[in-house]
Amino acid sequence: MALDGIVIANITAELSDKLTGARISKIAQPEADELLLTIKSASGQYRLLLSASASLPLIYLTKTNKSSPMTAPNFCMLLRKHIANGKILRVWQPGLERIIHFEIEHYNEMGDLCRKDLIIELMGKHSNLIFCDDSGMIIDSIKHVGSMTSSVREVLPGRPYFIAVTQPKCDPLATSAEEFRATVFSKPVPLAKAIYTSYTGISPLIAEELCFRADVESAQSANSFDELAQIHLYHMFELMMEDVREKNFSPSIIYESIRQTCDASQNSDAPSRSPQVKDEFLTNGDLSPVEFSSLPLTMYRENTSHPFDSPSEMLEQYYALKNTVTRIRQKSSDLRRIAATALERCRKKYDLQLKQLADTEKREKYRIYGELIHTYGYDVEPGAKSFEALNYYTNEMITVPLDATLTAQENAQKYFDKYGKLKRTYEALSELTKETKAEIDHLESVCTFMDMALSEEDLVQVKEELTDAGYIRRHYTGKKVKITSRPFHYISSDGYDLYVGKNNYQNDELTFRFASGGDWWFHAKGVPGSHVILKANGNGQMPPDTAFEDAARLAAWYSQSRGAQKVEIDYVEKKHVKKPNGAKPGFVVYYTNYSMVIDCDISRLRLASD
């Protein structure tokens, strides 16, 4: 979601608390539409990122530094001239507008004390960074907006600064019950839309949350609600605004399983996780960020909610994770297209083969017809179209169809020929369907592992697997493909080492090269997924039950059944796992095993530092 007025209010409160009285030490412009200010205060040093990007406007405190161009842009040089070493007097937000003002005190060339106003407007494609003097006149801006670009407001040096009003909206912090009811409930549009189009700083997300808290239908037309519902909704709105006025913010990010975002057919009854999720768990790609807010989002109670101490931490983590997930999805798009095309082709071929295989089921009937004609054919009159005979296999009377133009012997031979043809077809199709099914299972496992990929390195082996399987043409460059991706290494609650393969090649590596005979092997039953190895300590003692449960949860989570409430897991000592000759990568057989049904919650497990 975009930054709304409530999140901006939360950031403003944080910046006002930490930066008031602080001095601007360094000013850099790492991007054409972005500033990075280094600010020193009595409590320490801060870096403030201000981005007026049309696609991603942002403002937050960060610890990350960015490299700047060798020659500073003009806007950066102007700021350095005026407010370098300037003191921040006040950080404030007009109403719930998506605007933050920085009032800065500094000395000019003559040694006189002056004030300037650095303004950031976080308004999507209209975002801007504007530098004004103490009278509200624009000195310069990071983006110049002339009359040819905008008929509402010019943002040019020498022009007065004012907030552009393109749509009349009310201030939500200063509204009465009468005004609220008259403004919102007079519109013939869905209630949520009536709310966010009537009030400044209210996003569609907050409007939906307000409707959820009031237990009213957000899609229902606003002008159709009765007086009682209108009063109740206003009371919930006022409680929400009271939190904003009192600065009772609760910055948090809502997460969901990456499996849910990549596979729309996933079970919608997935269990929710505890809000107290470990940072290691969140930053390893197991969850994808959905929304962020500075107020509690009760309508997402089925999803994971992770609280933050500051809105800056929330925004930095949200966009870092969002960018990671988006980048991996973009990098894997070609691989997904190749795998999806091959998978669709294989499924169509498999359906056709099964249909042809079903047609061969009548082959035994033709054999019996031929044998009965041989047995009783001497009684058949020439030109007969059928005759009845006792089927000595079932001891029942059946009618055998005949071709009246053929003799009994020729009719028998005709049925034996049909039987032989269908038998050969059955034998050939039995092998082909096995091969096609193995190919489908292999491609499904590849798609599953692409969903698990957390970095570009994880996709390298998946691409190599598709290339080795013939789905991608190999281009010989003389360079060997460098593999840097390694299996996940978790530590169980009892201190046992657990290893998880990220793809089929790693599954084979873990099971047949890394694991020893006394280690335990885990896999989700009947679905593609990772091989999980529970390392025994080598002292001859059986690992505790909790270690087995932790390994089973990993096998459930890193499988196609991720998100299900319960998953059946097969587990067996590694020495009982075999790989058939010619089997696809990652595919094994075992003839004796144990099973358990378990949930997918791995939040208590931690990744090893290696």
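Me: Helices (H or I, at least four residues) and strands (E, at least two) are DSSP runs, numbered from the N terminus. Which helix does Thr-436 lie in?

Reply: Happy to start there! This is a predicted model, with residues numbered from 1 along each chain as its sequence is written. Local features need pLDDT (the predictor's confidence in each residue, from 0 to 100) of at least 70, side-chain atom pairs count only at pLDDT 80 or more, totals for chains, interfaces and linings use all residues, and side-chain values use heavy atoms, leaving out hydrogens and water. Thr-436 belongs to residues 408-452, helix H12.

Me: Is Thr-436 buried or exposed?

Reply: Buried means under 20% relative accessible area and exposed over 50%, with partly exposed in between (1.4 Å probe, protein chains only). Thr-436 has a relative accessible area of 3%, so this residue is buried.

Me: Which side chain is joined to that of Thr-436 by a polar contact of 2.9 Å?

Reply: Leaving aside neighbours within four places in sequence, Thr-436 has contacts (heavy atoms within 4.5 Å) with Cys-346, Lys-349, Tyr-350 and Gln-353. The 2.9 Å polar contact (N or O atoms within 3.5 Å, one able to donate a hydrogen and the other to accept it) runs from the side chain of Thr-436 to that of Gln-353.

Me: Where does pLDDT stay under 50?

Reply: The protein chain has an average pLDDT of 88, and 93% of the residues score at least 70. One stretch, with 68 contacts beyond four places in sequence in the model, stays under 50: residues 258-285.
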